[in-house]
Structures are given as structure tokens and as C-alpha cells.
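Here is a short tour of one protein model, written for someone who is new to reading structures. Have a look at the sequence and the 3D view, then read on.

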Amino acid sequence: RRLVGMVFQHPQDQIVATTVTEDVAFGPSNLGLPSREIRERVAVALEATSLSGYEGRPSFLLSAGEMQRLALAGVLAMQPKCIVFDETTAMLDPLGRDMVMQQAKSLNNEGVTIIFITHLMEEAAQADRILVLQRGRLMMDDTPAEVFSTSARMQTFGLDLPPAAQAAGRLR
């Protein structure tokens, strides 16, 4: 738990406290960190997720996108080495999806390992490496260019090509 954080599709499944600050502080508090460090981690996590100013707001009154950002802030406050995004963007609007993707890229650039579980191929196309699973079995493990090089193979797994790959295929 100290090394890997998870952000779920339904953020309410991981929100445990009644206010934004209490929720973000929950994990670091359980690590037994000093109060000052907890406050610093909470402030940094809220800033990183654009939730500064929400500190005293009840967590159950947040919008779906705000709850997703709160769930991410709680994970960021733990400072994990790896973050698993499990269908995190599935319930978000395009702006919310873009924010999560940008945050994941930024974290990865800072040295955090990102594992992104998604059915949205335009999100998968942004990865360095793609693993395609079917019924718990590894079917493909390659770069996005290789994985999306043939639409027929993707269709056998019940997946579509990202829109850009579809357009490129039509142009060929």
C-alpha cells in the first residue's frame, strides 16, 4: 500500500471521510506521519488535482469529476511509486478525461509508474506499452503502433482501433 496506489472507476468506493481535507489526509495519517507533513502532502495533492479551495467541502456534495479528482488526491498524498488507474475516466466528460490523462503523464514524467486499465482505445494509444488481456489471459504485449497495426486482430479481441488509427487505415 505504500508503493502502489489505486484510483477506481467509481471514486465513491474509495472516499472514506466527510470532508475533502479529511479524505486526502486519511492515508498519510494511517502511516503515522507527523501532522505538519500530512498538511503539506494534503496541500500539494489538492493543488495537483485543482481542488485547492475545496478543503472544507463535504465529499458527498462533489460532482463526479470532483470526486474522481479527490480520489486521485488521496492517492497522491500517499506518494506511491506506482499508480493504477482502473477505468478511472469511464464516467468522466472529455475535459475530465483530459485532466486525468495529463495528470497521469505528468506523474510518469516524475518517475511514477502508471498502469492504466481502459477500454477506451484513444487512451490506450497514448501509452508506451499495451497489454491486451482476454478472459484473464495475455494476448498481446507491444507498443501502440504494433498493437493497432491491424484492425482485424483487434476485432478478434472485441476492441476497436483508436479514431486516428481508423482514419490512417482508411487513407491507406
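What follows goes through the pockets, one helix, some salt bridges and two backbone angles.

## Before we start

This is a predicted model, so local features are described only where pLDDT is at least 70, side-chain atom pairs count only at pLDDT 80 or more, and totals for chains, interfaces and linings use all residues. Residues are numbered from 1 along each chain as its sequence is written, and side-chain values use heavy atoms, with hydrogens and water left out.

## The largest pocket

Let's begin with empty space. Rolling a probe the size of a water molecule over the atoms shows where such space is left. On a 1 Å grid over the protein atoms alone, a pocket is an open set of points where a 1.4 Å probe fits, with protein on both sides within 12 Å along at least five of seven lines; lining residues have an atom within 4 Å of a point. A volume is the space filled by probe spheres set on the points, which are joined across faces, edges and corners.

The largest pocket comes to about 960 Å³. Its lining has 30 residues, and Ile115, Phe116, Ala127, Arg129 and Ile130 are the ones nearest the centre. Helix H4 (94–109), strand S3 (113–117), helix H5 (121–124) and strand S4 (130–134) each give the lining at least two residues. Those helices and strands are DSSP runs numbered from the N terminus: H or I with at least four residues for a helix, E with at least two for a strand. Sorted by class, the lining has 18 nonpolar, seven polar and five charged residues. Here Ala, Val, Leu, Ile, Met, Phe, Trp, Tyr, Cys and Pro count as nonpolar, Asp, Glu, Lys and Arg as charged, and the others, Gly among them, as polar.

## The second largest pocket

The second largest pocket holds about 510 Å³ of space. It is lined by 19 residues, with Gln14, Phe26, Gly27, Val75 and Met78 closest to the centre. Strand S1 (4–7), helix H1 (20–30) and helix H3 (64–76) each chip in with at least two lining residues, and H1 has the largest share, with five. The class split for this lining is 11 nonpolar, five polar and three charged.

## Helix H3, wrapped up

Is H3 mostly buried or exposed? Buried means under 20% relative accessible area, exposed means over 50%, and partly exposed is in between (1.4 Å probe, protein chains only). In H3, 11 of the 13 residues are buried, so the helix is largely enclosed by the rest of the structure. The cover over those buried residues includes S1, H1, helix H2 (35–48), strand S2 (82–86) and H4.

The length of H3 works out too. The expected span of a helix is 1.5 Å times one less than its number of residues. For the 13 residues of H3 that gives 18 Å, and the end C-alpha atoms are 18 Å apart, which agrees.

Gln68 is one residue of H3 to click on. At 3% relative accessibility, Gln68 is buried. Leaving out residues up to four places away in sequence, Gln68 touches Val7, Phe8, Gln9, Pro11, Thr88 and Leu92, where contact means heavy atoms within 4.5 Å.

## Salt bridges

A salt bridge is a side-chain nitrogen of Lys or Arg within 4 Å of a carboxyl oxygen of Asp or Glu. How many turn up under this rule? The count is four.

Among them is Arg36 with Glu40, at 3.5 Å from N to O. Both residues sit in helix H2, four residues apart, or about one turn. Arg36 is exposed at 61%, and Glu40 is partly exposed at 44%. Another pairs Glu37 with Arg41, at 3.1 Å between the closest N and O atoms. These two also lie in H2, four residues apart; Glu37 is partly exposed at 29%, while Arg41 is buried at 12%. Then there is Arg57 with Glu66, at 4.0 Å. Arg57 is partly exposed at 36%, whereas Glu66 is buried at 14%.

## Two positive phi angles

Glu87 has a phi near 55°, a positive value in a residue other than glycine. Glu87 lies in the loop between S2 and H4 and is buried at 14%.

Arg135 is not a glycine either, and its phi is positive at about 50°. The loop between S4 and strand S5 (137–142) is where to find Arg135, which is exposed at 82%.
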